[in-house]
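Student: I've got a new model open and I'd like to learn how to read it. Can you walk me through it, starting with how the chains meet?

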Amino acid sequence: MSADEACTSRTLLARATAGDAAAFGTLVRMHQRPVYSLALRMLSDRHQAEDLAQEVFLQLYRSLAALESEDHLSFWLRRVTMHRAIDRLRRERRYAGMPLADADMVASDSADADPILERRLRGLLEELAPAARAVIVLRYQEDLDPVEIGRTLNMSVNTVKSHLRRSLALLRAALAVPGSGAGGDSPTPPRPLPSGHRSLI
Amino acid sequence: MSQDMNRDDNHDVEQRLRAALRPVDPGAGFVGGVMARIAAERPRTARLPSRMPR
């Protein structure tokens, strides 16, 4: 974030805390993308993700006075989003919504993108236990390091690293279907995660 | 050697995860939805904007 953006954000936070609804709306607009995306990757359903992300901003509105800075705001939003998503997944056990692999119609904007493989990966993510999924999403969507992930999820750094190592190994193995490896465009479905590992990591 | 291969494979999976997890925007009515939920909640709370004259 540039110095100007940080200054704007700080001003907006102060104005929103003072009761300025328009400033709060602008803050929501600035942060909607990461919050919604985290919810979407965790819940794998657009409507559920929008609902959860709106709940997060509602909770933010009630908590504005407790926020200290723009950095704290970003941290707070990630933390509340992930904890709410994990709670929801654990409560509902196996979520029965439309799989993200089908629901996510976002067009690839990169020339070397492989939409089929990306869909497979997102499908495989849905098989990870909520905490393991949260670690992967924070690492590869938000680009957080293990220390930041640990702070966000209330996890030790060693636990974060263990989740990363095991999940990567499982994803790598599941993608290694003959004839459909990295870059392949075969319609072969991905090999599911080994049953002994599902919901364990 | 197999460690090098694992590292390469991990790097490949990591790159693909980053691509698969690109952030996306919610629907166009998202901010309006948040503001509507706040407005619906206001009458139930005692919280007043601090700049409102007392």
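Student: How many residues does each chain bring to the contact?

Tutor: Two residues are in contact if their C-beta atoms, placed from the backbone, lie within 7 Å. Here chain B puts in 28 residues and chain A puts in 35 residues. On the chain B side, α1 (2–20) and α2 (30–41) each supply at least two residues. Of the chain B elements, α1(B) gives the most, with 10 residues. Helices are DSSP runs (H or I, at least four residues; strands are E, at least two), numbered from the N terminus. Before going on, bear in mind that this is a predicted model: local features need pLDDT of at least 70, side-chain atom pairs count only at pLDDT 80 or more, and totals for chains, interfaces and linings use all residues. As for names, residues are numbered from 1 along each chain as its sequence is written, while chains are lettered from A and ligands numbered from 1 in the order in which they are written.

Student: How does the chain B side divide into nonpolar, polar and charged?

Tutor: The classes go like this: Ala, Val, Leu, Ile, Met, Phe, Trp, Tyr, Cys and Pro are nonpolar, Asp, Glu, Lys and Arg are charged, and the others, Gly among them, are polar. The side of chain B that touches chain A has 15 nonpolar, four polar and nine charged residues.

Student: What confidence does the predictor give the complex and its chains?

Tutor: For the complex, ipTM is 0.73 and pTM is 0.78. Residue by residue you read pLDDT, the predictor's confidence in each residue, from 0 to 100. Chain B has a mean of 77, with 61% of its residues at 70 or more. Chain A averages 81, and 74% of the residues score at least 70.

Student: Where in chain A is confidence lowest, and where is it highest?

Tutor: Helix α5 (residues 100–103) of chain A is lowest, with a mean of 46, and α8(A) is highest, at 97. Also look at residues 178–188 of chain A, where pLDDT is below 50 and the model has 14 contacts beyond near neighbours in sequence. Residues 196–201 of chain A are likewise below 50, with 11 such contacts.

Student: Which domains does chain A have?

Tutor: Domain bounds come from an automatic or database domain assignment. For chain A, that gives domain 1 (1–98) and domain 2 (108–201). Their contact takes 12 residues from domain 1 and 11 residues from domain 2. On the domain 1 side, α2 (21–43) and α4 (70–92) of chain A each supply at least two residues, and α4(A) gives the most, with six residues. That side splits into six nonpolar, two polar and four charged residues.

Student: At what angle do α2(A) and helix α3 pack?

Tutor: Axes are lines fitted to C-alpha atoms, for helices over the stretch in contact, and angles run from 0 to 180 degrees between N-to-C directions. α2(A) and helix α3 (residues 46–63) of chain A pack at about 135°, with axes 8 Å apart. So α2(A) is oblique to α3(A); angles under 35 degrees count as roughly parallel, over 145 as roughly antiparallel, 65 to 115 as roughly perpendicular and the rest as oblique. The residues that meet include A:F24, A:V28 and A:Y36 in α2(A) and A:L52, A:V56 and A:F57 in α3(A). By class, this contact has 13 nonpolar, two polar and two charged residues.

Student: What about α7 and α8 of chain A, at what angle do they pack?

Tutor: Helix α7 (residues 130–140) and helix α8 (residues 146–153) of chain A pack at about 135°, with axes 10 Å apart. That makes α7(A) oblique to α8(A). Among the residues in the contact are A:V135 and A:L138 of α7(A) and A:I149 and A:L153 of α8(A). The tally is six nonpolar, one polar and one charged.

Student: And how is α8(A) placed against helix α9?

Tutor: α8(A) and helix α9 (residues 157–175) of chain A pack at about 110°, with axes 8 Å apart, so α8(A) is roughly perpendicular to α9(A). A:P146, A:V147, A:I149 and A:G150 in α8(A) meet A:V157, A:V160 and A:K161 in α9(A). That contact has five nonpolar, one polar and one charged residues.
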